[in-house]
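User: Hey, I'm new to this one. Can you walk me through it?

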Amino acid sequence: MANEPVRVCIVGLGWTGMNHARGYAAISDLATIAAVVVRSDEGRRRARDLGISRVYDDWRAALDDDAIEAIDFCTPNFLHAEQSVAALAAGKHVLCETPACQTAAECRAIRWAIAEHA
């Protein structure tokens with residue numbers, strides 16, 4: 001029995017997010033883009049071009065979506081700690097573009113969230 005692809009939500013469709021989207025397209029048997037989070041008309045256009053119909057304008061809303069198994073944060077690193085900890089608490093797998101955080105304390109907060117929610 002084959003496993004179903006992991007359903008991923010990409011947060012941010014800038015340069016990094018678009019590169020990740022191309023990567024998911026190349027491994028669609030392993031992972032598929034279930035949703036995106038964008039805040040601009042350009043981001044919504046990119047989502048349409050990628051054929052993604054589930055579009056959020058706030059990353060927090062995606063945490064409540066049971067169809068999303070993993071969140072891929074392609075956002076500025078000053079957001080990573082808050083976003084990653086919240087996603088882990090919501091039971092999501094987290095992919096976070098580097099650098100993971102701005103401080104060692106933020107990295108420890110993510111590590112503790114992983115341990116707590118694993």
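Analyst: Sure. β1 and β4 pair in the parallel sense, over 4 bridges; two strands count as paired if DSSP finds at least two bridges between them. Strands (E, at least two residues) and helices (H or I, at least four residues) are DSSP runs, numbered from the N terminus.

User: What kind of model is this, and how are residues numbered?

Analyst: This is a predicted model, where local features need pLDDT of at least 70 and side-chain atom pairs count only at pLDDT 80 or more, while totals for chains, interfaces and linings use all residues. Residues are numbered from 1 along each chain as its sequence is written, and side-chain values use heavy atoms, with hydrogens and water left out.

User: Back to β1 and β4: which residue in β4 is the bridge partner of Cys 9?

Analyst: That's Ile 71. Ile 10 has a bridge partner in β4 as well, Asp 72, and in β2 Ile 10 is partnered with Val 36.

User: How many bridges join β1 to β2?

Analyst: 6 bridges, between β1 (residues 6-11) and β2 (residues 31-37), and the two run parallel. From β1 the chain passes through helix α1 (residues 15-26) to reach β2, in a right-handed β-α-β crossover. Right-handed means that, with the strands pointing away from the viewer, the path from the first strand over the helix to the second runs clockwise.

User: And what's the order of strands in the sheet?

Analyst: β3-β2-β1-β4-β5, 5 strands in an open sheet with parallel pairing. At the edges sit β3 (55-56) and β5 (93-96), each pairing on one side only.

User: New topic. Is Ser 84 buried or exposed?

Analyst: Buried, because its relative accessible area is 1%; buried means under 20%, exposed over 50%, and partly exposed in between (1.4 Å probe, protein chains only). Ser 84 belongs to helix α4 (residues 80-89).

User: What is Ser 84 in contact with, leaving aside neighbours within four places in sequence?

Analyst: Phe 73, Val 94, Cys 96 and Ile 110. Contact here means heavy atoms within 4.5 Å.

User: What about Asp 64, buried or exposed?

Analyst: Exposed, with a relative accessible area of 65%. Asp 64 is in the loop between α3 (59-63) and β4 (70-73).

User: How far is the C-alpha atom of Asp 64 from that of Ala 90?

Analyst: They are separated by 7.4 Å, with the two residues 26 apart along the chain.
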